[in-house]
Amino acid sequence: MMRVGRRRLGVTLLAVVALTVGGCMPAGATTQGKQISTLYDVFLVGGIVVAGIVWSLVTWSVLRYRRRDGRLPVQHMGDIRIEAIWTAIPLATVLALFAMTVITLNSLDAVQPGGVNIRVVAFRWQWQVVYTDAGVTDTGTPENPLQIVLPVNTPVHVSLESLDVNHAMYLPAFLFKRDAIPGHVTSFDIQITEPGTYPGACAEFCGVSHDDMLFAVKAVDMATYEAWLAGRKSGASAAPAGSWTPGATPAASPAPSGIPAPAGSTAP
Ligand SMILES: [Cu+2]
């Protein structure tokens, strides 16, 4: 009876932990984000197991070997076997986590064949995207934040640059943040798995209007993306139906005056 009760308590605790972890940890809306999420989960579960072992042993030894009747418990000095165990287990744990991290990082940095290319340019205080395959450019404004339209289930090769100071491209739903550094092109791949609109922002304090640097990624299926891009080439509206900014007029926003367009862009 007692054993059934304990088992139920154990199952309930596990369910609570699983729900908490699931609720706190977004899965990532890209294949890369999902890999990062899996790595986070491994670290979190590993941390919970280690904390459980350490706290249990400390609590047990404090209670079991407390001073009783004014006398110290039997004192032990040096035990090679135990010392080897408490050195080997943490070492193996850290090495395993290190190996998994390296494997995940290499996988994240891998460039997939095919796909579409975009150049994202950060400047004080907006974003610009150049769809390099089509020669189409969009620039955000505070009133009309940039919306980067991308196809789902297709590798997207991103070249990220800055025209002035350090900015950072942050997309929480992708579990992704990358610095935009002046004079340095940062390249990475993303592959979005779910259609949807994902808000992003500059995550590097870059000056007085840093908070204007909002943008969004709108992920659509390939057919919609290609039709939209073809429409843009022939001068149609900038964003497909369902733009993320309520009330915003979908129109190609020109680069603000005084902001140099990146080399090769077709910004007006
Ligand atoms: Cu910025």
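Start with the hairpin: strand 2 and strand 3 form one with 4 residues between them, and Gly135, sitting in the turn, has a positive phi of about 70°. This is a predicted model, so keep that in mind as we go. Strand 2 covers residues 126–131, and strand 3 covers residues 136–139. The two run antiparallel and are joined by 4 bridges. One of the pairings to look for is Tyr131, whose bridge partner in strand 3 is Val136.

Now look at which way the side chains of strand 3 go. Val136 and Asp138 point one way, Thr137 and Thr139 point the other way. Which of these residues are buried? As it turns out, all of them are, on both sides of the strand.

The hairpin belongs to something wider. Strands 3, 2, 1, 5 and 8 make up an open sheet of 5 strands, in the order 3-2-1-5-8, with mixed pairing. Strand 3 and strand 8 are the edges, each pairing on one side only. From one strand to the next, the twist averages 20°. As a general reminder, strands of a sheet pair through backbone hydrogen bonds, either parallel or antiparallel. At the strand 8 edge, strand 5 (residues 156–162) runs antiparallel to strand 8, with 5 bridges joining the two. Val156 is a handy landmark here, with Ile190 as its bridge partner in strand 8.

Strand 1 holds Asn117, a residue that ties several places together. Leaving aside neighbours within four places in sequence, Asn117 is in contact with Thr132, Asp133 and His157. The C-alpha atoms of Asn117 and Asp133 are 6.3 Å apart, although 16 residues separate the two along the chain. Is Asn117 buried or partly exposed? It has 15 C-beta neighbours inside 10 Å, so it counts as partly exposed.

Follow the chain out of strand 1 and you reach a backbone oddity. The peptide bond from Arg124 to Trp125 is cis, with omega near 0°, and Trp125 lies in the loop between strand 1 and strand 2. Most residues other than glycine have a negative phi, and most peptide bonds are trans. Two further residues go against the phi part of that. Leu175, in the loop between strand 6 and strand 7, has a positive phi near 50°. Leu175 has 20 C-beta neighbours inside 10 Å and therefore counts as buried. Asp69 also has a positive phi, about 50°, and is placed in the loop between helix 2 and helix 3. With 4 C-beta neighbours inside 10 Å, however, Asp69 counts as exposed.

That loop leads into helix 3, residues 80–109. Does its length make sense? At 1.5 Å a residue, its 30 residues should span 44 Å, and the end C-alpha atoms are 43 Å apart, which agrees. Helix 3 is hardly covered, though: the count of buried residues among its 30 is 0.

For burial, turn to the largest nonpolar core, which has 39 residues. Val129, Ile148, Leu150 and Phe174 touch the most other members of this core. Take Ile148: not counting residues up to four places away in sequence, it touches Ile118, Val129, Phe215 and Val217.

One more loop is worth a stop, the one between strand 7 and strand 8, where Ile181 lies. Beyond four places in sequence, Ile181 is in contact with Ser162, Asn166 and Thr186. Its C-alpha atom is 6.7 Å from that of His167, which is 14 residues away along the chain. Ile181 counts as partly exposed because it has 17 C-beta neighbours inside 10 Å.

Step back to the whole chain. The protein has 4 helices and 10 strands, and from the N terminus on the elements run α-α-α-β-β-β-β-β-β-β-β-β-β-α. Buried residues make up 25% of the 268 residues. Among contacts with a separation of 6 or more, 67% come from residues 24 or more positions apart.

Finally, how far to trust it. The mean pLDDT is 84, and 83% of the residues reach 70 or more. Over residues 240–268, however, pLDDT stays under 50, and the model has 52 contacts beyond four places in sequence for that stretch. Where pLDDT is low, the predicted coordinates should not be read in detail.

Definitions and conventions. Residues numbered from 1 in each chain as written. Predicted model: local features only at pLDDT ≥ 70, side-chain atom pairs only at ≥ 80, totals over all residues. Buried ≥ 20, exposed ≤ 12 C-beta atoms within 10 Å, placed from the backbone. Pairing = 2+ DSSP bridges. Core = buried A, V, L, I, M, F, W, Y, C linked by C-beta atoms within 7 Å. Contact = placed C-beta atoms within 7 Å. Expected span 1.5 Å × (residues − 1). pLDDT = per-residue confidence, 0-100. Axes fitted to C-alpha atoms, helices over the stretch in contact; angles between N-to-C directions.
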